[in-house]
Amino acid sequence: MKGTQYVARQPDESGFIHYSDSEHQVWNTLITRQMKVLEGRACQEYFDGIEQLRLPHERIPQLGEINQVLGASTGWSVAQVPALIPFQTFFELLASKRFPVATFIRTPEELDYLQEPDIFHEIFGHCPLLTNPWFAEFTHTYGKLGLAASKEQRVYLARLYWMTIEFGLVDTPAGRRIYGGGILSSPKETVYSLSGAPEHQTFDPLEAMRTPYRIDILQPLYFVLPDLKRLFQLAQEDIMGLVQQAMTLGLHAPKFPPKAA
């Protein structure tokens, strides 16, 4: 993993994290703008989670506030981490129902896009759906599998995570909607993902694991779940058996140009 200019904030003795007025202003700008963009685009389960979390608009929420809601709804909590963490730590946290949150917020200069996940991406993008039992169960199962997986298997699991938790779409009675946190926290990708520009494929876990991706571009392809319960059903399937199949079959050709050196 590459280095980062950001440093996660440490809580004080009482567990409180102090942010500056300008950092609270960045949060306010991001959440106000993104809530408008998500109207008619995010899935209902996400909005249900937003309602439960009651995220403040005028300030960055404290992790304890998030933990109260997640703990009561699905038994999850968030864990304060540095900007970038190794795969091992990531899987350990998910396996113990703790979602990693880097406690820094992007600068005004990087308002629209940030390669490393900040507190806005993690809290606003991911935590609302962790109130949903189906989504929470899949994320927990994923963590346990990743913890026991080999380094090579983890690369295939990472693609599954990318195509679901980060960049997944779902069909609903009201139309196609977003549930992936990487899209939900990005105004540009929110609009783009549901447009006619990218390719949409019916979700197939084996196909998802075989599909290369780049983190620094708009995705050329999104996988679409028939409903959010499909994630819960997937958690009951032999995911590691699918990983072995994907490793045997190999990767699809990328749908994007190679990254410039």
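**Group meeting: the annotated site and its surroundings**

Okay, let's start with one contact: the side chains of His121 and Glu166 are joined by a polar contact of 3.4 Å. Keep in mind that we're looking at a predicted model here.

So what's the interest in that pair? The unreviewed UniProt entry has a "binding site" annotation, and it covers His121, His126 and Glu166. These residues span 46 positions in sequence, but no two of their C-alpha atoms are more than 10.2 Å apart, so they gather at one spot. And if you bring up the largest pocket, you'll find His121, His126 and Glu166 in its lining.

Let me take the two histidines in turn. His121 sits in helix H5, which runs over residues 119-126. Is His121 buried or exposed? It's buried, because its relative accessible area is 10% and the cut-off is under 20%. Leaving out residues up to four places away in sequence, His121 touches Arg106, His126, Glu166, Gly181, Gly182 and Ser185.

His126 is also in helix H5. This one is buried too, with a relative accessible area of 1%. Which residues does His126 contact, if we again set aside neighbours within four places in sequence? They are Phe99, His121, Phe135, Ile165, Glu166 and Gly181. Notice that His121 and Glu166, from the annotated set, are both on that list.

Now on to the strands. Strand E1 covers residues 77-81, and four of its five residues are buried, so the rest of the structure largely encloses E1. Its pairing with strand E2, residues 98-102, is parallel and takes in five bridges. If you want one to click on, Ser77 has Arg98 in E2 as its bridge partner. Put helix H4, residues 87-95, together with E1 and E2 and you get a right-handed β-α-β unit.

Last thing, for those of you who like checking backbone torsions. There are two non-glycine residues with positive phi that I'd like to show you. Lys97 has a phi of about 55 degrees, and it lies in the loop between H4 and E2. Lys97 is partly exposed, at 28% relative accessible area. The other is Arg54, with a phi of about 50 degrees. Where is Arg54 found? It's in the loop between helix H2 (44-53) and helix H3 (63-73). Arg54 counts as exposed because its relative accessible area is 73%, and the cut-off for that is over 50%.

Definitions and conventions
Residues are numbered from 1 along each chain as its sequence is written. This is a predicted model: local features need pLDDT of at least 70, side-chain atom pairs count only at pLDDT 80 or more; totals for chains, interfaces and linings use all residues. Side-chain values use heavy atoms; hydrogens and water are left out. UniProt positions are given in the numbering used here, feature names are shortened, and annotations may be inferred rather than shown by experiment. On a 1 Å grid over the protein atoms alone, a cavity is a set of points where a 1.4 Å probe fits but cannot get out, and a pocket is an open set with protein on both sides within 12 Å along at least five of seven lines; lining residues have an atom within 4 Å of a point. Helices (H or I, at least four residues) and strands (E, at least two) are DSSP runs, numbered from the N terminus. Buried means under 20% relative accessible area, exposed over 50%, partly exposed in between (1.4 Å probe, protein chains only). Contact means heavy atoms within 4.5 Å. A polar contact is a pair of N or O atoms within 3.5 Å; within protein, one must be able to donate a hydrogen and the other to accept it, and residues adjacent in sequence count only if both atoms are side-chain atoms. Two strands pair if DSSP finds at least two bridges between them. A crossover is right-handed if, with the strands pointing away from the viewer, the path from the first strand over the helix to the second runs clockwise.
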